[in-house]
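Please find below a colleague's note on the structure shown here. The points are numbered for ease of reply.

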Amino acid sequence: MDLINPSRSIEQKSRKFLKSLTRKEPSELLLVIGTGVSAAVAPHIPALCSWRSCIEAVINAAEDLEVLHPSDIGEFRQKVTEDRDLLVLAHDIIRKMSPRTGDTKPNFFQDCLMEVFDNLHSQIQNPMLFDAILQLMDQGTMVLTTNYDNLLEIFGQQQGKPMESIDLKCKEKVVQWARGLQKYSVLHIHGLFTDPCGLVLDPSGYKDVMHDQDLMEEFQELYRIKSFVFLGCGETLRDQIFQALFLYSVQDKVDLEHFMLVRKDSHDHFYKLQAEMLLHGIKIVSYGDCFEYMPQYFRDLVAQICRRRSPADLQQDGVQDTSGGDSSAADSTNLSIGTACSDCVKRKQDENGDVTEKRIRKGNGTFSTNVQKIL
């Protein structure tokens, strides 16, 4: 993944936006942010660029702090260059820095993470993405992340927002978040670097969540009724934790409507991926052929989603103004913007009735294999 170059002037042609996305109300969206967002906002922290870069940074910190044997350092450096499951590798590294009893607390991993993510508050250099994300959150968009860092929360607090980081350990807060009652909370499904005990690194780390039927129903209902927007998420659909929380028992994925913003660096790969992901209810959208285009594209996209719609706007979009010319009345209602998709969701809910008991597929291998084939 390329880093943002602050001194580089980026220009690209004006891009069109999918009306099926811009007509969504912010409250209909759930934003999933990955390492690409952190890398764009704080480009000079290598650990924020990707999972691989984060693990490499932890290994380097372990060497500097002398908390791993040199032979282990060499072994892990070799493994991180190979094409393997990075979550499992991270779990192995933690075990090496933990007591032999298997207890993960205390351990040296926390010290390594603190070394890697030291002084995050002073590292925010390109806040354009965060400004746009907070604009969405102001209007009801929920935010979930696979990142360990809390850069968004730090920036939001600097702007006077009551930001809060939550992880899967606290069921009560997770349920409140899932029901839209935690407006400025960010759910970290992998945990947060400031609390290593809450880190989730392999399937065994979320077994309690998987066995909690009520909590799983909350997650799966979100995936059915919200439109997920994936931003900076190159590997999220292969992530076992994300799969387990949202994908395993959600049927009829083709009836869903989610969006993934990606870089189009290869025409053949992009259009192949676009066609295949439609089968999973995900529309692949390009922000350009350069990583540096992402912040500007997303800011403009959010401006389209959050703009105040006049009757002229509604008529141009093909949406009937039922407010009698009163724009404030139109703004205070749902406006039926993007009604085609909203009606599909409502229709599916009417067909299925209330949420019934859902069976959680426990086999991680099948879905993971299929997703890897299409990605």
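1. Tyr 223 and its surroundings. Tyr 223 is a residue of helix α11. With a relative accessibility of 1%, Tyr 223 counts as buried, since the cut-off for that class is under 20% relative accessible area. Along the chain, Tyr 223 and Phe 246 are 23 residues apart, yet 6.1 Å is the separation of their C-alpha atoms. The coordinates under discussion belong to a predicted model, and every remark in this note should be read accordingly.

2. A salt bridge within helix α11. The residue that follows Tyr 223 deserves a separate comment. Arg 224 forms a salt bridge with Glu 221, and 3.3 Å separates the closest N and O atoms. Both residues belong to helix α11 (residues 213–225), and because they are 3 residues apart there, about one helical turn lies between Arg 224 and Glu 221. Arg 224 is partly exposed, at 23% relative accessibility, whereas Tyr 223 is buried at 1%.

3. Overall composition. The protein contains 18 helices and 7 strands. Of its 375 residues, 51% are buried. Considering contacts between residues at least 6 apart in sequence, 75% join residues at least 24 apart.

4. Confidence. What is the average pLDDT of the protein? The average is 77, and 70% of the residues score at least 70. Confidence is highest in helix α7 (residues 128–138), with a mean of 97, and lowest in helix α16 (residues 327–331), with a mean of 37. Residues 1–10 have a pLDDT below 50, and this stretch makes 26 contacts in the model beyond near neighbours in sequence. Residues 351–375 also fall below 50, with 42 contacts beyond near neighbours in sequence. The contacts of these two stretches should be read together with their pLDDT values, which are below 50 for residues 1–10 and for residues 351–375.

5. Salt bridges between helices. The count of salt bridges comes to 13. One of them joins Glu 63 to Arg 77, with the closest N and O atoms 2.6 Å apart. Glu 63 sits in helix α3 (residues 51–65) and Arg 77 in helix α4 (residues 70–80), so this pair ties together parts that lie 14 residues apart in sequence. Both partners are partly exposed, Glu 63 at 38% relative accessibility and Arg 77 at 31%.

6. A further link to helix α4. Lys 96 and Asp 72 form a salt bridge whose closest N and O atoms are 3.7 Å apart. Lys 96 belongs to helix α5 (residues 86–96) and Asp 72 to helix α4, so the pair connects parts that are 24 residues apart in sequence. Which of the two partners, Lys 96 or Asp 72, is buried, and which is partly exposed? Asp 72 is buried, with a relative accessible area of 12%, while Lys 96 is partly exposed at 46% relative accessibility.

7. Ser 185 and strand β4. Ser 185 is located in strand β4 (residues 185–188). At 2% relative accessibility, Ser 185 is buried. Its side chain makes a polar contact of 2.8 Å with the side chain of Gln 182. Beyond neighbours within four places in sequence, the contacts of Ser 185 are Met 137, Val 143, Glu 164, Ile 166 and Trp 177.

8. The pairing of β3 with β4. Strand β3 (residues 164–167) pairs with β4 in the parallel sense, over 4 bridges. Opposite Leu 187 of β4 stands Ile 166. From β3 the chain crosses through helix α9 (residues 171–178) to β4, and this β-α-β crossover is right-handed. Ile 166 thus appears twice in this region, as a contact of Ser 185 and as the residue opposite Leu 187.

9. The pairing of β6 with β7. Which strand pairs with β7 in the parallel sense? Strand β6 (residues 258–263) does, over 6 bridges. Val 262 has Ser 286 of β7 as its bridge partner. The connection from β6 to β7 passes through helix α13 (residues 267–277), and this β-α-β crossover is right-handed. Strand β7 (residues 282–288) is mostly covered, with 6 of its 7 residues buried.

Terms used
Residues numbered from 1 in each chain as written. Predicted model: local features only at pLDDT ≥ 70, side-chain atom pairs only at ≥ 80, totals over all residues. Heavy atoms only, no water. Buried < 20%, exposed > 50% of the residue type's maximum accessible area, 1.4 Å probe, protein only. Helix = DSSP H or I, 4+ residues; strand = E, 2+ residues; numbered from the N terminus. Pairing = 2+ DSSP bridges. Right-handed = clockwise from strand over helix to strand, strands pointing away. pLDDT = per-residue confidence, 0-100. Contact = heavy atoms within 4.5 Å. Salt bridge = Lys/Arg side-chain N within 4 Å of Asp/Glu carboxyl O. Polar contact = N/O pair within 3.5 Å; in protein donor to acceptor, adjacent residues only side chain to side chain.
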